Amino acid sequence: MPIDPRAPYDEDNIFAKILRGELPCNKVYEDDFAFAFHDIRPQAPVHVLVIPKGPYVSWDDFTAKAPESEIAGFMRSVGEVTRQLELDGPGYRLLVNMGGHGHQEVPHLHVHIFGGRQFYHMIPD
Ligand code: AMP
């Protein structure tokens, strides 16, 4: 079920629990701004999720409310994860689903990193 992007942040969402270490994940990266882990249902040879450490429901919530230092830090972190995964040479795709039409399922902003193969179509479904 897609989320309501205007709902208040749910401290019990699955990614909040992963951030607090209450649920396991296959972690790939962490810094002051971001935490990254492998998607549990990968849709490409590399499928990693990068989430901000702050409590932001969605891309909309983050870009409207986060201080510029957090936005800049998070953007840099996403780039750092792609380099650590050695995707900067072959290339990769980033995706953010937002709200109902975007079919966002988890109410904590996450950037999908897809890599490890050639992508052709703009929309992956
Ligand atoms: P979205 O549709 O953009 O909200 O994507 C949510 C993503 O979270 C999906 O690709 C799921 O496979 C992934 N996901 C859900 N639960 C977990 C989990 N516990 N660990 C890792 N990935 C998860």
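User: Which polar side-chain atom lies 2.8 Å from an oxygen atom of the ligand?

Analyst: A polar contact here is a pair of N or O atoms within 3.5 Å. In this predicted model, a polar side-chain atom of His 110 sits 2.8 Å from a ligand oxygen atom. Local features need pLDDT of at least 70, side-chain atom pairs count only at pLDDT 80 or more, and totals for chains, interfaces and linings use all residues. Residues are numbered from 1 along each chain as its sequence is written, and side-chain values use heavy atoms, with hydrogens and water left out.

User: Which backbone atoms lie 3.1 Å or 2.6 Å from the ligand?

Analyst: A backbone N or O atom of Ile 40 is 3.1 Å from a ligand nitrogen atom, and a polar backbone atom of Glu 105 is 2.6 Å from a ligand oxygen atom.

User: How much of the ligand does the protein bury?

Analyst: Accessible areas come from the Shrake-Rupley method with a 1.4 Å probe. Alone, the ligand exposes 510 Å², and the protein buries 89% of that.

User: Nice! How many residues surround the ligand?

Analyst: A residue counts as near if one of its heavy atoms lies within 4 Å. There are 16 around the ligand, and Asp 39, Asn 97, Glu 105, His 110 and His 112 are the closest. By class, 7 are nonpolar (Ala, Val, Leu, Ile, Met, Phe, Trp, Tyr, Cys and Pro), 3 charged (Asp, Glu, Lys and Arg) and 6 polar (the others, Gly among them).

User: And where is empty space left?

Analyst: Rolling a probe the size of a water molecule over the atoms shows that. On a 1 Å grid over the protein atoms alone, a pocket is an open set of points where a 1.4 Å probe fits, with protein on both sides within 12 Å along at least five of seven lines; lining residues have an atom within 4 Å of a point. The largest pocket has a volume of about 1,000 Å³ and 34 lining residues, with Asp 39, Gln 43, His 47, Glu 105 and His 112 nearest its centre.

Conventions. A polar contact is a pair of N or O atoms within 3.5 Å; within protein, one must be able to donate a hydrogen and the other to accept it, and residues adjacent in sequence count only if both atoms are side-chain atoms. Grid points are joined across faces, edges and corners, and a volume is the space filled by probe spheres set on the points.
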